[in-house]
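Here are my notes for your review. Please read them alongside the coordinates.

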Amino acid sequence: MASQQTVRPHAQGALRRTVDGSAGEWIGLGVRLALAVVWGWAGLAKISDPAEAAQAVRAYEILPESLVKPVGWGLPFLELALALLLLLGLGTRIVAIVSAVLLLAFIAGIASAWARGISIDCGCFGGGGAVDESKTEYLQEVLRDTGFLLLAAWLIYRPRTKFSADAWLAS
């Protein structure tokens with residue numbers, strides 16, 4: 001029993017050194033680029049057809065009609081801005097916080113549609129709107145966005161990454 005107690009602090013120390021050390025910066029680079037790809041993909045998929053993006057927002061039946069168009073048209077630009085900032089590694093913690101808030105809003109919107117029995121495609125990567133009940137994928141969408149939320153959480157906790165403008169500006 002005493003040997004387990006002596007091993008645990010050592011293992012925790014090794015994990016801590018990995019996360020806080022150079023390996024953590026490489027992991028952060030991978031996380032930052034992965035989240036940049038997600039936002040870039042989502043924004044590019046929607047920006048070519050903003051009316052369809054607005055329709056996807058409308059399908060959730062959450063926002064008043066006066067906000068549907070501004071959100072539908074503005075969301076792709078926000079997603080692309082987040083992708084660019086993550087790609088550059090500029091303002092990483094702030095961008096990660098905005099990403100987390102946006103992902104929580106998406107998860108809440110999907111869960112709300114699911115709970116209310118509305119049959120929609122989330123429109124997360126283009127498309128969106130009403131679909132047949134058999135075509136809904138709420139659980140997969142919530143789990144996927146939760147995974148993206150974990151990426152954002154990593155960058156909130158550990159924003160320092162390799163090849164970032166933040167590191168360059170700090171030096």
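1. In which helix does K46 lie? K46 lies in helix α2. Keep in mind that this is a predicted model.

2. Is K46 buried or exposed? Its relative accessible area is 5%. Buried means under 20%, so K46 counts as buried. Please check this lysine by eye.

3. Which residues does K46 touch, leaving out those up to four places away in sequence? The set is A53, L75, P76, E79, G123, C124, F125 and G126. One of these contacts, C124, returns in the next point.

4. The structure holds one disulfide. It is formed by C122 and C124, with the sulfur atoms 2.3 Å apart. The cut-off is 2.5 Å, so the pair qualifies. C122 is buried, at 9% relative accessible area. C124 is buried too, at 10%. C124 therefore combines a disulfide bond to C122, a buried position and a contact with K46.

5. Now the aromatic rings. There are four aromatic pairs. Among them is W39 with F106, an edge-to-face pair. The ring centres are 6.2 Å apart, and the planes meet at 65°. Centres must lie within 6.5 Å, and planes over 60 degrees apart count as edge-to-face. The pair therefore meets both limits.

6. Where do the two partners sit in the chain? W39 is in helix α2, residues 22-47, and F106 is in helix α5, residues 92-116. They are 67 residues apart, so the pair links distant parts of the chain.

7. W39 is buried, with a relative accessible area of 2%. Helix α2 thus carries W39 as well as K46.

Methods. Residues numbered from 1 in each chain as written. Predicted model: local features only at pLDDT ≥ 70, side-chain atom pairs only at ≥ 80, totals over all residues. Heavy atoms only, no water. Phe/Tyr/Trp six-rings, centres within 6.5 Å; stacked < 30°, edge-to-face > 60°. Helix = DSSP H or I, 4+ residues; strand = E, 2+ residues; numbered from the N terminus. Buried < 20%, exposed > 50% of the residue type's maximum accessible area, 1.4 Å probe, protein only. Contact = heavy atoms within 4.5 Å.
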